[in-house]
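Colleague: I am new to this structure and would like a close look at a single part of it. Could you take me through how two of the helices meet, and then follow the chain from there into the sheet?

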Amino acid sequence: MKNLFLMRHGKSSWELNVSDQDRALLQRGISDAHLVAMEIARQNIKIDKVYTSPANRAFHTCMICVRTIEYPLENCSVDSKLYDFSGDQVFEFIKNLDDTFENVLIFGHNHTFTYLANSLGDKHIDNVPTSGFVHLQFKENTWANISQGSTIQTIFPKQLKA
């Protein structure tokens with residue numbers, strides 16, 4: 001059984017004159033990433049491997065989360081294939097994951113994560129919000145064979161603030 005965890009980067013700023021990859025998190029993005037990460041830690045969700053997009057906002061969200069859940073930084077990898085907005089590149093990335101990993105957490109972007117959550121999961125999600133976390137589970141034993149799985153849960157900042 002394979003578990004895929006998708007976490008969209010926190011709310012970022014459009015104010016600075018920087019490239020898209022260099023956009024920074026806003027204070028709300030930092031706070032929401034902490035909030036969701038604390039819930040992941042509270043649930044004691046097991047993670048075998050973490051990957052992140054190289055974009056500053058995704059990488060920063062990743063660092064906030066892994067520190068909060070006390071996940072070893074040396075098990076985090078940055079991969080440019082995760083800087084994708086259609087979902088095709090990330091889906092190929094997932095299908096090529098090492099099968100020794102059962103529980104993989106990926107930090108990245110929309111529309112990729114909403115597309116993947118809806119095409120691979122069994123519950124419709126209108127939009128994975130910033131700092132949103134989606135847990136998908138697959139009965140397959142190899143990443144290459146995953147197709148339709150189950151949406152186990154979502155953790156969205158708005159739910160935690162209510």
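Modeller: Let us begin with the residues that meet, for in this predicted model Ile30, Ala33, His34, Ala37, Met38, Ile40 and Ala41 of helix H1 are in contact with His60, Thr61, Ile64, Cys65 and Thr68 of helix H2. Sorted by class, this contact of H1 with H2 holds 8 nonpolar and 4 polar residues, and no charged ones. Two packed helices are described by the angle between their axes and the distance between the axes. Here the axes of H1, which covers residues 27–42, and H2, which covers residues 56–68, come within 8 Å and cross at roughly 35°, and the crossing in which H1 passes H2 is right-handed.

From H1 the chain runs on to strand E2 (49–52), and Lys46 lies in the loop between the two. Is Lys46 buried or exposed? Its relative accessible area is 54%, a value over the 50% cut-off, and therefore Lys46 counts as exposed. Its side chain nevertheless has a partner, since a polar contact of 2.6 Å joins it to the side chain of Asp48. If residues up to four places away in sequence are not counted, Lys46 touches Phe5 and Asn103.

Those two residues lead into the sheet, which is open, has 6 strands in the order E3-E2-E4-E1-E5-E6, and shows mixed pairing. Its edge strands, each pairing on one side only, are E3 (76–78) and E6 (150–155), and from one strand to the next the twist averages 20°. Strands of a sheet pair through backbone hydrogen bonds, either parallel or antiparallel. Phe5 is a useful residue to follow here, as it stands opposite Leu105 in E4 and also opposite His135 in E5. The first of these positions goes with the parallel pairing of E1 and E4 over 6 bridges, while E1 (residues 2–8) and E5 (residues 133–138) pair in the antiparallel sense, likewise over 6 bridges. E4 is paired with E2 as well, in the parallel sense and over 4 bridges, and Thr52 stands opposite Phe107 in E4.

Asn103, the other residue touched by Lys46, belongs to a strand that is mostly covered, with 6 of the 6 residues of E4 buried. Both faces of E4 are covered, with Asn103, Leu105 and Phe107 buried on one side and Val104, Ile106 and Gly108 buried on the other.

Beyond E4 (103–108) comes a loop that leads to helix H4 (112–120), and Asn110 lies in it. With a relative accessibility of 10%, which is under the 20% cut-off, Asn110 counts as buried. Its side chain makes a polar contact of 2.9 Å with the side chain of Thr114, and a polar atom of the Asn110 side chain lies 3.1 Å from the backbone oxygen of Val128. Leaving aside neighbours within four places in sequence, Asn110 is in contact with Arg8, Phe85, Asn127 and Val128.

Thr114 is itself one of the buried residues of H4, together with Thr112, Phe113, Leu116, Ala117 and Leu120. What covers these buried residues includes the strands E1, E4, E5 and E6 as well as helix H3 (88–95).

Conventions
Residues are numbered from 1 along each chain as its sequence is written. This is a predicted model: local features need pLDDT of at least 70, side-chain atom pairs count only at pLDDT 80 or more; totals for chains, interfaces and linings use all residues. Side-chain values use heavy atoms; hydrogens and water are left out. Axes are lines fitted to C-alpha atoms, for helices over the stretch in contact, and angles run from 0 to 180 degrees between N-to-C directions. A crossing is left-handed if the near helix is turned anticlockwise from the far one by less than a right angle, and right-handed if clockwise. Contact means heavy atoms within 4.5 Å. Ala, Val, Leu, Ile, Met, Phe, Trp, Tyr, Cys and Pro count as nonpolar, Asp, Glu, Lys and Arg as charged, and the others, Gly among them, as polar. Two strands pair if DSSP finds at least two bridges between them. Buried means under 20% relative accessible area, exposed over 50%, partly exposed in between (1.4 Å probe, protein chains only). A polar contact is a pair of N or O atoms within 3.5 Å; within protein, one must be able to donate a hydrogen and the other to accept it, and residues adjacent in sequence count only if both atoms are side-chain atoms.
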